[in-house]
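The exercises below ask you to read a protein model step by step. Try each task with the structure in view before you turn to its solution.

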Amino acid sequence: MSSLHSSGTFALGTHTVKRLGYGAMQLAGPGVFGPPKDPQTAIAVLREAVACGVNHIDTSDFYGPHHTNQIICQALHPYADDLVIVTKIGARRGENGEWIPAFSAQELTQAVHDNLRNLGLDVLDVVNLRCMFDPHHPAEGSIEEPLNVLAELQQQGLVRHIGLSHVTSRQVAQGRGICDIVCVQNNYNLVHRHDDALVDELAAEGIAYVPFFPLGGFTPLQSSTLSEVAQQLGVTPMQLALAWLLHRSPNILLIPGTSSLAHLKENLAVADLKLSDDVLARLNAI
């Protein structure tokens, strides 16, 4: 069994978390909508992740909606003292599962209260404001109004720390002028590297960078080089892609998701995977 300590730790607000965490998105039904087809396995995966040392779980009340947070609460409440649950607000789901921006003060406040209730918490450790100017990729637009709402909820004691998700570098700079930002969560992986400069900038400031879709998301990564190198190292291409992220920068926190116990163990084994300079050079060239 891998030791998650091998991957190192990094600050997430006032917490220190292991760099290999768990993303709960896949615990909902197909299309992240509705309940899971196998709730008992979902509960088992969560319990196993924590038993293996995971102390950073990423979720949102719009996964399901509500189902994922309710499963987390059922599986893990009362929570371990060192467990950090990070959630996000800024979207809601339509009747057919569509993703709809939910950026008004009322919607953001409602979302914080929904997360508190469904997770069984009095205060949320970290809340990411997900910006939905364009659902498919980060797009410019002022985040001052919604972020002020979230900062007000923080002042009320409902939220400890604030992060940003699906944002541009300019929005990160704007956000940091409004309140403390402890993490940024964007689409980033071996082949999708638009945020290279931002990753380094945040590392210098001690701010965590949390890549979502670390394996490509709904269209998994495919690269002949990745497959060849993985075969040489005796690991899966997906394990290698995760290991590359851990090597990329010390402020990167990984949250690979799965609804399978076997796949969870595969993901967590990445903590022990050391990549040589030669291997990193080949991967960086993809």
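**Exercise 1. Cysteines**

Is C52 buried or exposed?

*Solution.* Keep in mind throughout that this is a predicted model. Buried means under 20% relative accessible area, and C52 has a relative accessible area of 16%, so C52 is buried. Turn next to C183, which is in no disulfide, the nearest cysteine sulfur, that of C179, being 11 Å away. A disulfide requires two cysteine sulfur atoms within 2.5 Å, and by this rule the count comes to 0 disulfides. C183 is buried as well, with a relative accessible area of 2%.

**Exercise 2. The hairpin of β1 and β2**

Describe how the side chains of strand β1 are arranged, and then find how β1 pairs with β2.

*Solution.* Begin with the general pattern: in a regular strand the side chains alternate between the two faces of the sheet. In β1, residues 9-12, F10 and L12 point to one face and are buried, whereas T9 and A11 point to the other face and are not buried. The partner strand, β2 (residues 15-18), pairs with β1 in the antiparallel sense over 4 bridges, and within β2 the bridge partner of F10 is V17. Between the two strands of this hairpin there are 2 residues, and G13 takes a positive phi near 65°.

**Exercise 3. The open sheet**

Work out the order of the 7 strands in the open sheet, and decide which strands stand at its edges.

*Solution.* The order is β3-β4-β5-β8-β9-β10-β11, with parallel pairing. At the edges stand β3 (22-23) and β11 (208-212), and each has a single partner strand, so one side of each is left without a neighbour in the sheet. For β3 that partner can be followed in detail: β3 and β4 (residues 56-58) pair in the parallel sense over 2 bridges, and Y22 has I57 of β4 as its bridge partner. Helix α3 (residues 105-119) packs on the sheet, where it touches β5, β8 and β9, and its direction makes about 150° with that of β5. Helix α4 lies across β5, β8, β9 and β10, and runs at about 160° to β9.

**Exercise 4. Two helices in contact**

Which residues make the contact between α2 and α3?

*Solution.* Look first at the axes of α2 (residues 67-76) and α3, which come within 8 Å and cross at roughly 35°. The contact is made by N69, Q70, I72 and C73 on the side of α2, and by N115, N118 and L119 on the side of α3. Sorted by class, this contact has 3 nonpolar, 4 polar and no charged residues.

**Exercise 5. Helices with a buried face**

Explain why the buried residues of α5, and likewise those of α6, line one face of the helix.

*Solution.* In α5 (residues 169-178), Q171, V172 and G175 are buried. Seen down the axis of α5, these residues fall within an arc of 100°, so they line one face of the helix. On the other side of α5, R170, A173 and G177 are exposed. The elements covering the buried residues of α5 include α4, β9, β10 and α6.

Now treat α6 in the same way. Here L198, V199 and L202 are buried, and they fall within an arc of 105° seen down the axis, so they too line one face of the helix. The face of α6 turned away from its buried side carries the exposed residues A197 and A204. The buried residues of α6 pack against α5, β10, β11 and α8 (237-248). Just after α6, G206 takes a positive phi of about 75°.

Key: Residues numbered from 1 in each chain as written. Predicted model: local features only at pLDDT ≥ 70, side-chain atom pairs only at ≥ 80, totals over all residues. Heavy atoms only, no water. Buried < 20%, exposed > 50% of the residue type's maximum accessible area, 1.4 Å probe, protein only. Arc of directions from axis to C-beta. Contact = heavy atoms within 4.5 Å. Pairing = 2+ DSSP bridges. Axes fitted to C-alpha atoms, helices over the stretch in contact; angles between N-to-C directions. Nonpolar A, V, L, I, M, F, W, Y, C, P; charged D, E, K, R; others polar.
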